[in-house]
Amino acid sequence: MNDTKLYVEDYGIGDGTQLFDMDILSEIPSFIPSPESETMDIARHANVEVQFPYSPVGPPKRNSYPGELNFTVEVNSHDVHKKTFLYSHMLSRIYVDMKCNFSIQFNWDYRISPHMYVRSTVVFSDEPQAEKRVERCVQHCYESSKAGIKPEIAKNVLHSSREMDAQGVYYCGDVDVADSWYSVLVEFHRTSDEPCSHAYQFTCKNSCASGINRRAIAIIFTLEDEYGRVYGRQKVGARVCACPRRDLLKDETAEGKYKTGKKRVPSNEIDPPKTKKIKMEAVTDIDDTVYKLPSLQVVGSRAMLSGLKVMLEMMELAAECRKNNPAALALYQPHIARFKETIQTLEMTRNTTQ
Ligand SMILES: [Zn+2]
């Protein structure tokens, strides 16, 4: 434990060992070598010795935790309504087409650490695929390589929406080291309560043969300092497809039914329980009955807003399926409008009370 204390004090973060638990410390073995290790001195003087940007080696860890800096990730819901990409609150999954920007918001206690980095690493969600590095398909990779793009960028299925050489955006990973994972590292200097956001885009589809090849994927976001030490981790599922709306509807119908009957875990959740795939049921099976909710109390503004957004999303999708039936569509409109109004009011109230 002496080493742990030394480590924390060396970097002058927080007030001693309470800031980190051992799980977090185990994130960064290369920085906390055993006392016998030759690299101990490097760890003590990491300020000058460690190369930036740090490229992690080995399959990324997957457990989510906010950490002491309370790291949270939110998909920017303002853009969702512009239909450029969609987010299923029910499945915690982004639906987006290839080369289409999607914005992610990051929040943490910037008063303690204003200058931080967010690393985004794409992984396969299913356990048997966890050890495999996600790479672009041969064709897309070849096109980029031909255009002279650096190999660690050409191979990464996730790019920043900014130009390749944009300041504060770094592409990590070594093509020649099989255990080196591709990631995008984005630098943030925070000065206000406003969460940071960054737009990304996928450079392959889920269906790209020889690449993702129809396997479920997720993005792991880690909050790090300039030495690659991890302070918090969050993950979001992703599906890159030509028809995000159609696929979201399909998945929410299929997995939503699965969820209500069984366990409340979406199938893209990392390391899901072993289950058989549920056969897709016809999405035309829509219940148009109007239900009145009982008066319920919800703890936490996030739980309240997410719940309402899921209901709104489901109604909007159902309404879209009813677009050829004006009478049925008319039934949805006032309720959708009321939900939007209520969510907006609640969001404004939340922002002013924060
Ligand atoms: Zn591809």
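Reader: Which residue in β4 is the bridge partner of T72?

Author: This is a predicted model, in which local features need pLDDT of at least 70, side-chain atom pairs count only at pLDDT 80 or more, and totals for chains, interfaces and linings use all residues. Residues are numbered from 1 along each chain as its sequence is written. Strands β1 and β4 run antiparallel and are joined by four bridges (strands pair if DSSP finds at least two bridges between them). Within this pairing, the partner of T72 in β4 is N107.

Reader: How confident is the predictor in the protein chain on average, expressed as pLDDT?

Author: The pLDDT is the predictor's confidence in each residue, from 0 to 100, and 75% of the residues score at least 70. The chain as a whole averages a pLDDT of 80.

Reader: Over which residues, among those beginning at the start of the numbering, is the pLDDT below 50?

Author: The stretch in question has 40 contacts in the model beyond near neighbours in sequence, a contact being two residues whose C-beta atoms, placed from the backbone, lie within 7 Å. The pLDDT is below 50 over residues 1-48.

Reader: How many helices and strands does the secondary structure of the protein chain come to?

Author: Helices (H or I, at least four residues) and strands (E, at least two) are DSSP runs, numbered from the N terminus. On that basis, the protein chain comes to 10 helices and 11 strands.

Reader: Which strands stand at the edges of the open sheet?

Author: The open sheet consists of four strands in the order β1-β4-β9-β6, with antiparallel pairing. Two of them have a single partner strand each, so one side of each is left without a neighbour in the sheet. The edge strands are β1 (72-75) and β6 (158-160).

Reader: In β9, which residue is the bridge partner of L158?

Author: Strand β9 (residues 196-202) runs antiparallel to β6, and three bridges join the two. With β4, β9 pairs in the antiparallel sense over five bridges, and there S103 stands opposite A199 in β9. The partner of L158 in β9 is F202.

Reader: Which residues form the covered face of strand β4?

Author: Strand β4 spans residues 102-107, and its uncovered face holds S103, Q105 and N107. The covered face is made of F102, I104 and F106.

Reader: Why can C137, H140, C204 and C208 be said to gather at one spot, and what is the limit on their C-alpha separation?

Author: An unreviewed UniProt entry gives the annotation "binding site" to C137, H140, C204 and C208; such positions are given in the numbering used here, with feature names shortened, and annotations may be inferred rather than shown by experiment. These residues span 72 residues in sequence, yet they gather at one spot because no two of their C-alpha atoms are further apart than 8.9 Å.

Reader: Is H140 buried or exposed?

Author: A residue is buried if 20 or more other C-beta atoms lie within 10 Å of its own, exposed if 12 or fewer, and partly exposed in between, with C-beta atoms placed from the backbone. C137, in the loop between β5 (115-124) and α6 (138-146), has 19 such neighbours and is therefore partly exposed. H140 lies in helix α6 and, with 20 C-beta neighbours inside 10 Å, counts as buried.

Reader: Leaving aside neighbours within four places in sequence, with which residues is C137 in contact?

Author: With the same exclusion, H140 is in contact with T203, C204, C208 and G211. The contacts of C137 are C204, C208, A209, S210 and G211.
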